Amino acid sequence: MNVAERRPQAVIASNRLQYLSFSLGNEDYAVEILRVQEIRAICPMTVLPHAPPHVCGVMNLRGAVVPVVDMRTALGLAREKHGASTVIIVVSVHGRTVGFVVDRVSDVLSLDASDIERAPELRGRVDVSMISGIARTQERFVVLLDLERVVSGGVADLDGR
């Protein structure tokens, strides 16, 4: 099955797919653009006791309590201090709003379905369950994330649903 067939919500006119790309360190990642509600500057967060390590806490988004996930930690990377370009990407997943802290937002990618390949099957300690595919653009690889799987890693229970 083609990745584009599994992701019809990302399809736009002319069978191209659009993703918001961002960086964590020197690596490029992307999420479906139709899931993105907004991009915000880092703001104060309330830390929740006993939350999973990748959950930074919750933020106030126009009166709503929104869980915020550190994408570095969620993907198994070392947590780093927030820099000048660190932002929160606010997305909608499973009918709930979640924020993702990323090092910097890059751009919007418009990809042909043929530009996207399945995540490689790797044996051992590499977990590819959060990856929906890998895109090759202008001599670089961009890891396309499966937001449902990222969120199911502990965020789903934070708001009582």
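In this predicted model, strand 6 and strand 7 form a hairpin with two residues between them. H94, in the turn of that hairpin, has a positive phi of about 55°. The two strands run antiparallel, and seven bridges join strand 6 (residues 87-93) to strand 7. One of the facing pairs is I89 with its bridge partner F100 in strand 7.

**Overall organisation**

The protein chain contains three helices and 11 strands. Along the sequence these elements follow the pattern α-β-β-β-β-β-α-β-β-β-β-β-β-α. Of the 161 residues in the protein chain, 43% are buried. Strands of a sheet pair through backbone hydrogen bonds, either parallel or antiparallel.

**The five-stranded sheet**

The hairpin of strands 6 and 7 belongs to an open sheet of five strands, ordered 3-6-7-5-4 with mixed pairing. Strand 3 (36-41) and strand 4 (55-61) are its edge strands, each pairing on one side only. On average, neighbouring strands of this sheet are turned by 30° against each other, direction ignored.

Besides its antiparallel partner strand 6, strand 7 (residues 96-102) pairs with strand 5 (residues 64-70) in the parallel sense, over three bridges. Within this parallel pair, V68 has G99 in strand 7 as its bridge partner, and D70 stands opposite V101 in strand 7. Six of the seven residues of strand 7 are buried, so the strand is largely enclosed by the rest of the structure.

At the edge of the sheet, strand 3 includes R40. R40 counts as partly exposed because its relative accessibility is 22%, and a residue must fall under 20% to count as buried. The C-alpha atom of R40 is separated by 9.9 Å from that of F100, a residue 60 positions away along the chain. F100 is also the strand 7 partner of I89.

**The six-stranded sheet**

A second group of strands is arranged as an open sheet of six, in the order 8-1-2-11-10-9, again with mixed pairing. Its edge strands are strand 8 (104-112) and strand 9 (116-117), each of which pairs on one side only.

Strand 1 (residues 16-24) has seven of its nine residues buried, so it is largely enclosed by the rest of the structure. It pairs with strand 8 in the antiparallel sense over seven bridges, and S23 has R104 in strand 8 as its bridge partner. Strand 1 also runs antiparallel to strand 2, to which six bridges join it; here L20 stands opposite V31 in strand 2. Strands 1 and 2 form a hairpin with two residues between the strands, in which G25 takes a positive phi near 65°.

Strand 2 (residues 27-32) in turn pairs with strand 11 (residues 140-145) in the parallel sense, over two bridges. A30 stands opposite L144 in strand 11.

The strand pairs described for both sheets are collected below.

| Strand pair | Sense | Bridges |
|---|---|---|
| Strand 6 and strand 7 | antiparallel | seven bridges |
| Strand 5 and strand 7 | parallel | three bridges |
| Strand 1 and strand 8 | antiparallel | seven bridges |
| Strand 1 and strand 2 | antiparallel | six bridges |
| Strand 2 and strand 11 | parallel | two bridges |

**Cavities**

The structure holds two cavities of 30 Å³ or more. The largest cavity contains about 50 Å³ of space. Its lining consists of D70, M71, R72, E80, K81, H82, T86, V101 and D103. By class, the lining residues divide into two nonpolar, two polar and five charged. Two members of the lining, D70 and V101, also stand opposite each other in the pairing of strands 5 and 7.

**Cysteines**

A disulfide is a covalent bond between the sulfur atoms of two cysteines. A search of the whole structure finds zero disulfides. C43 counts as buried because its relative accessibility is 16%. C56 likewise counts as buried, at 14% relative accessibility. The position of C56 falls in the range of strand 4 (55-61), an edge strand of the five-stranded sheet.

Note on methods. Residues numbered from 1 in each chain as written. Predicted model: local features only at pLDDT ≥ 70, side-chain atom pairs only at ≥ 80, totals over all residues. Heavy atoms only, no water. Pairing = 2+ DSSP bridges. Helix = DSSP H or I, 4+ residues; strand = E, 2+ residues; numbered from the N terminus. Axes fitted to C-alpha atoms, helices over the stretch in contact; angles between N-to-C directions. Disulfide = S-S within 2.5 Å. Buried < 20%, exposed > 50% of the residue type's maximum accessible area, 1.4 Å probe, protein only. 1 Å grid on protein atoms, 1.4 Å probe; cavity = no way out; pocket = protein on both sides within 12 Å on 5 of 7 lines; lining within 4 Å. Points joined across faces, edges and corners; volume = space filled by probe spheres on them. Nonpolar A, V, L, I, M, F, W, Y, C, P; charged D, E, K, R; others polar.
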